[in-house]
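Before any single residue is considered, it helps to ask how the chain as a whole is arranged and how far the coordinates can be trusted. Please look through the sequence and the structure with both points in mind.

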Amino acid sequence: MAGAEEILDIMKKRGRKRDVIICTTLIKGYCLAGRTQQALAFFNDMVTRTPIVTPNIRTINTLLRGCVQTGSVCTAEALVLRAQKDFKLQLDVSSWEYLIALLAQSLKLDKMLPIIGRIKDDAAFANGMAGMYVNTARAAAVLGDWKVCKKSIASANASIEKAVLSTGDDDEDQEVGDVGSSGSALKSEKNTGGKRAWSTGEVDERRTESLELYREHLKAELSTELKVIETFMDKMKSSNVTPFQYMFPYFLRVFPLAAVADGSPKPTSEERSDGKETKKKDNGSLKKELVKPIMRSVEDNFGLDVFARRLTQKSCDDLNGYSLDPVKVAAASAPPVLSARALKVKKNKEKARRKKEKEELAASGVLVDSSSVGAVPATPASTSAPVTPAAACAAAGAGAGVAAAAAVVERPPLTPLEAQIASFRALSARAFDSSGKFAFRNVFSYSPSESPSTTTTTQAPHLVLVRRVSGSSEERELKVEVCSGAGEWVVAQAKSDSASDWVAMELRHDRAYQTLTKAVFANVPNLAVLCGDAMHILPTHFPTAAVSKLFVNHPEPPQQTGGRGDSQNRHLLEEGFFVEATRILKPNGMLTIVTDNLWYGRLLMRLVAAMPLNAFGEDAATAFCLQSVAPPAASQKSEEALESTWEAQETEGGVALYVGKPGAAAGHVVEASSYFDRLWKRGNLVERYFLVLQKVPVGQAMSHATAPAVTKKRPIGSVE
């Protein structure tokens with residue numbers, strides 16, 4: 001993006017005016033880079049600075065797609081309203097798909113259903129209805145609205161049969177459930193712009209064949225997803241467990257860390273008498289500031305607040321003693337989709353309203369907390385000051401239980417159900433230590449009521465939580481998948497490996513949501529979902545030597561440059577990632593990377609081989625590094641274990657790139673495919689390349705400088 005911004009500055013200096021194509025292209029770049037905040041800020045500048053650049057529907061859709069990937073539902077709603085009111089734009093099928101997907105992720109059925117009711121009979125949106133109905137069915141299943149769920153499943157199946165499926169040109173990297181993979185991807189009209197419209201002849205024929213393959217694949221994927229939802233619905237309807245009772249522990253294991261990535265608090269420092277700085281004890285302030293945006297995002301963007309309003313007619317803020325509207329708070333956290341003048345007027349009105357409300361409360365004898373409006377009157381029996389959310393989190397960090405965390409202000413007692421919902425904030429805080437690192441034992445300490453003998457049970461009338469006994473001799477392994485996509489692989493592994501705890505890490509909010517719902521539908525309580533940039537999460541929130549196995553399946557390769565063996569764009573698996581992976585792995589822990597891209601596999605092999613051993617630490621006596629694992633011997637193979645077939649494709653500097661099946665020897669528990677796996681198999685693309693690296697002491701590692709020269713044991717074909 002730096003290059004694009006530089007070109008824009010040059011154009012400005014030379015007097016070249018921006019147009020909607022240039023602006024939309026830059027906005028798309030920001031969104032693809034995960035910088036939705038900058039994209040929205042640029043959009044505001046685009047439509048307010050003279051001369052104004054009027055957006056078109058593609059501009060709006062580009063921003064909406066960015067909102068889907070970051071979970072910015074309030075921003076998307078405001079953007080849609082402004083597109084219609086201020087710019088007089090007609091929303092297309094993609095626009096509605098993006099909005100429906102966001103509303104579904106936050107479980108806002110009350111807003112989804114009227115929209116679908118208005119557009120379902122419009123022929124212009126017919127090819128997008130299947131995806132919208134699938135999103136509706138998924139959200140209804142999570143909420144336990146079986147009537148809406150059943151009706152949406154039937155409507156989705158009917159729409160799949162009618163729709164003419166095709167790929168959406170807005171986004172090339174899509175999975176089923178991704179917006180655009182079944183809605184804008186359900187368009188039948190031919191594209192008239194972009195690079196794909198330049199191709200003719202043989203290229204067009206190949207593309208037509210590819211699209212036909214994709215159509216059939218997408219139909220099968222959508223139908224499979226609907227069967228999973230229907231099976232879950234039937235199971236829950238026949239059980240005695242309420243949807244909220246079932247869902248609450250899953251809410252405790254989802255962490256939208258993207259919400260804190262840009263503004264994570266850092267430990268403060270103080271200056272000593274000798275002029276040197278030392279770290280100052282933060283007394284839990286780091287933890288308090290960390291959990292606030294995480295809790296807010298789960299409540300607003302993953303739907304916990306919808307549960308609260310449905311079950312108690314109160315918001316999560318109300319239950320915790322605050323009158324702030326979470327919708328307003330969430331909307332204020334992102335750059336507004338309003339002009340500066342409109343924002344100023346709105347801010348002044350809000351300020352005047354809050355001042356008046358405070359004056360009225362003060363006149364009536366109500367205690368007013370400086371951080372909020374809406375504290376409750378003090379009871380005659382108590383003169384203690386209201387407790388803030390930060391204090392509640394601190395109490396939870398000190399070991400407060402469900403009952404102690406239920407109320408955060410002096411107020412009339414809550415019902416058991418209200419207390420359980422209100423306890424979410426304090427229970428979430430227990431997942432972190434005072435330095436902001438995960439305390440993974442606490443992350444997985446709560447699960448549904450079906451408990452092994454090594455657990456104790458805390459039961460309330462509306463919710464049963466199970467917590468492991470403190471000091472249990474059981475040592476559970478922690479296994480992590482980075483770039484987990486929609487979560488099919490990691491959910492399958494965690495379900496088959498109930499003796500271990502698993503973590504799925506994904507940058508995009510929409511895919512993190514899909515992973516969460518897959519875990520819910522498959523009843524997988526030993527999986528946590530982390531949403532955010534891995535290169536922020538790993539160094540900031542992962543303790544040292546905590547992970548037994550680390551997996552990266554089909555990472556996104558960098559864009560290759562013309563004819564050279566280097567890469568153009570920054571990608572995840574750079575030297576810093578391997579250093580960080582070594583830190584978080586336990587001694588002898590394993591890192592497995594699988595890709596179908598031979599060029600990228602070779603790039604990673606050479607990257608690891610070229611890293612000097614001192615990159616992992618200066619002290620060879622205490623430092624660790626990564627070293628290739630040798631192929632499993634025939635005697636090591638078990639009939640019960642997942643088959644492992646390793647053949648060295650190529651080695652360099654002692655680092656091997658294998659081809660075949662990673663299997664049990666590489667840490668895979670069960671054979672599981674992803675959306676892309678199944679798509680590739682339909683096209684007879686099944687070759688997999690992988691690296692298997694182990695954390696070993698530097699003193700025992702073979703120096704890369706003295707490692708064997710490059711060897712190739714298999715022909716590489718045309719890939720160089």
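The paragraphs below go from the overall fold and its confidence to the cores, and then to a few individual residues.

This is a predicted model, and the protein in it has 27 helices and 15 strands. Of its 720 residues, 51% count as buried, while the accessible surface comes to about 33,600 Å², with 53% of that area belonging to carbon and sulfur atoms. Among the contacts with a separation of 6 or more, 73% are between residues 24 or more positions apart.

The mean pLDDT is 75, and 64% of the residues reach 70 or more. Residues 364-409 stay under 50 in pLDDT, although the model has 71 contacts beyond four places in sequence for them. Over residues 448-467 the pLDDT is likewise below 50, and this stretch has 51 contacts in the model beyond near neighbours in sequence.

Turning to the interior, the largest nonpolar core has 158 residues, and L530, F542, F577, F578 and L591 are those with the most contacts inside it. The element that gives the most to this core is helix α8 (residues 129-143), which supplies 11 residues. L530, when residues up to four places away in sequence are left aside, touches F255, L257, F438, V503, A504, M505, E506, I537 and F542. Apart from this core lies another one, of 10 residues, which includes M590, V594, V629 and A656.

M590 also appears among the neighbours of S548, a residue of strand β9 (residues 547-553), for S548 touches E477, L478, L585, K586, G589 and M590 when residues up to four places away in sequence are not counted. Is S548 buried or exposed? S548 counts as buried because its relative accessible area is 8%, under the 20% limit.

Finally, some details of the backbone deserve attention. Most residues other than glycine have a negative phi, and most peptide bonds are trans. The peptide bond from T50 to P51, however, is cis, with omega near -5°, and P51 has its place in the loop between α3 (36-48) and α4 (57-70). L107, in the loop between α6 (93-105) and α7 (109-119), has a positive phi, near 65°, and is buried at 1% relative accessibility. N588, which is found in strand β10 (residues 585-595), also has a positive phi, near 70°, but N588 is exposed, with a relative accessible area of 53%.

Methods. Residues numbered from 1 in each chain as written. Predicted model: local features only at pLDDT ≥ 70, side-chain atom pairs only at ≥ 80, totals over all residues. Heavy atoms only, no water. Helix = DSSP H or I, 4+ residues; strand = E, 2+ residues; numbered from the N terminus. Buried < 20%, exposed > 50% of the residue type's maximum accessible area, 1.4 Å probe, protein only. Contact = heavy atoms within 4.5 Å. Areas by Shrake-Rupley, 256 points an atom, 1.4 Å probe, with all protein chains shown as cover. pLDDT = per-residue confidence, 0-100. Core = buried A, V, L, I, M, F, W, Y, C linked by side-chain atoms within 4.5 Å.
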